[in-house]
Amino acid sequence: MDDRAMDDRAIDVVLDTRPQRFRAVVGVVLLALACGLGAWVFFRGPSPFGVDVWWNQLFAAAPSQPVYVFALVMDTVGGHLTAVLIVPLLGASALVLSRRRWSAVYFLAASVGSALFVQVVKHTFGRARPEDILILSDYGSFPSGHTANAATIAVVAAVLFPRVWVRIVGVAWVVLMAFSRTYLHAHWLSDTVGGALVGAGAALVFAAAFSRLRARDEDRLTIRRARKSDAEASASS
């Protein structure tokens, strides 16, 4: 067995492909659920679900000014060029600077893949937005692109930095984004559920696809830290 084969085998042992296969399966299932929900929306006709109407009517009165301003801020931060271009590029740049280049590629790929999937589903099912929408927005209500972006970022962060507080912040970010979209009547509640499914599913599928490459980055970082520790120990002695 040559050195390269031994290295690949070592990576397989360290990586443990079972969690990666599980991520891939869960990601595909989430994307399929999003498509299934979109098909249900499409074939049942233009009328929204009962829970959509109920949730929309909760905010039918004049909006609270502080909450309205918060929702507008979330609209800007969670969509448009900010979420689609600026946030992924800044995040990828930070990962490259921390010597995690394949993690940076993973983040960009997941962001692009999620955004493209959202647009395909939007144009496939063509759901109308609520009539009392408070902002200008693009075509198609299902799924929520803002919520999909939020879910993608949250899951990518949880994959790259597996800490409890990262997951808690990520869930809170997705929930707040979904709330802001429905508060502005830009989406039905089920649109935000579909968006969360798409964003999380895309992030998990790409996490599995880039797992071996990201493992190489972590291996190099581990070697650098070990060499640095050895050098410091030698210098102190």
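Q: How many aromatic pairs does a search of the whole structure find?
A: The structure is a predicted model, and the search covers the whole of it rather than one region. The number of aromatic pairs found is 10.

Q: What is the angle between the planes in the aromatic pair of Phe59 and Phe179?
A: A pair of aromatic rings is described by the distance of the centres and the angle of the planes. For Phe59 and Phe179 the centres are 5.6 Å apart, and the pair counts as edge-to-face because planes over 60 degrees apart are given that name. The angle between the planes of Phe59 and Phe179 is 85 degrees.

Q: How many residues apart are Phe59 and Phe179, which link distant parts of the chain?
A: Phe59 sits in the loop between helix H3 (50–58) and helix H4 (65–77), while Phe179 belongs to helix H8 (residues 164–183). The separation of Phe59 and Phe179 along the chain is 120 residues.

Q: Is Phe59 buried or exposed?
A: The relative accessible area of Phe59 is 16%, and a residue counts as buried when this value is under 20%. Phe59 is therefore buried.

Q: How does Phe179 count at 26% relative accessibility?
A: Buried residues have a relative accessible area under 20% and exposed ones over 50%. Phe179, at 26%, falls between these limits and so counts as partly exposed.

Q: Which residues form one aromatic cluster with Phe59 and Phe179?
A: The pair of Phe59 and Phe179 belongs to a cluster that takes in further aromatic residues. Besides these two, the members are Trp54, Trp55 and Tyr183.

Q: Where is His146 found?
A: The helix in question covers residues 145–160, a range that takes in His146. His146 is found in helix H7.

Q: Is His146 buried or exposed?
A: The relative accessibility of His146 is 9%, and the limit for a buried residue is under 20%. His146 therefore counts as buried.

Q: Which residues is His146 in contact with, leaving aside its neighbours within four places in sequence?
A: Once these sequence neighbours are set aside, the contacts of His146 are with residues elsewhere in the chain. They are Met74, Asp75, Gly78, Gly79, His80, Met177 and Arg181.

Q: Which residues lie nearest the centre of the second largest pocket?
A: This pocket holds about 290 Å³ of space, and its lining consists of 20 residues. Those nearest its centre are His80, Gln119, Asp138, Gly145 and His146.

Q: Which helix supplies the largest share of the lining of the second largest pocket?
A: Helix H5 (80–97), helix H6 (101–125) and H7 each supply at least two residues of this lining. The largest share is five residues, and the helix that supplies it is H6.

Q: How many residues of the lining of the second largest pocket are charged?
A: The lining divides by residue type into seven nonpolar residues, eight polar ones and a charged group. The number of charged residues is five.

Q: How far does H6 reach from its first C-alpha to its last?
A: H6 has 25 residues, for which a span of 36 Å is expected at 1.5 Å a residue. The helix is followed by Gly126, whose phi is positive, near 55 degrees. The reach of H6 in the model is close to the expected value, at 36 Å.

Q: How many of the 21 residues of H9 are buried?
A: Helix H9 (residues 189–209) should span 30 Å at 1.5 Å a residue, and its end C-alpha atoms lie 31 Å apart, which agrees. The helix is mostly covered, and the number of its buried residues is 15.

Q: What is the omega of the peptide bond from Phe142 to Pro143?
A: Most residues other than glycine have a negative phi, and most peptide bonds are trans. Pro143 is in the loop between H6 and H7, and the peptide bond that leads to it from Phe142 is cis. Its omega is near -5 degrees.

Q: What is the phi of His185, which is not a glycine?
A: His185 is located in the loop between H8 and H9, and its relative accessible area of 3% makes it buried. Its phi is positive, at about 55 degrees.

Conventions
Residues are numbered from 1 along each chain as its sequence is written. This is a predicted model: local features need pLDDT of at least 70, side-chain atom pairs count only at pLDDT 80 or more; totals for chains, interfaces and linings use all residues. Side-chain values use heavy atoms; hydrogens and water are left out. Helices (H or I, at least four residues) and strands (E, at least two) are DSSP runs, numbered from the N terminus. Buried means under 20% relative accessible area, exposed over 50%, partly exposed in between (1.4 Å probe, protein chains only). Contact means heavy atoms within 4.5 Å. The expected span of a helix is 1.5 Å times one less than its number of residues. On a 1 Å grid over the protein atoms alone, a cavity is a set of points where a 1.4 Å probe fits but cannot get out, and a pocket is an open set with protein on both sides within 12 Å along at least five of seven lines; lining residues have an atom within 4 Å of a point. Grid points are joined across faces, edges and corners, and a volume is the space filled by probe spheres set on the points. Ala, Val, Leu, Ile, Met, Phe, Trp, Tyr, Cys and Pro count as nonpolar, Asp, Glu, Lys and Arg as charged, and the others, Gly among them, as polar. Rings of Phe, Tyr and Trp (its six-membered ring) pair if their centres lie within 6.5 Å; planes under 30 degrees apart count as stacked, over 60 as edge-to-face and the rest as tilted.
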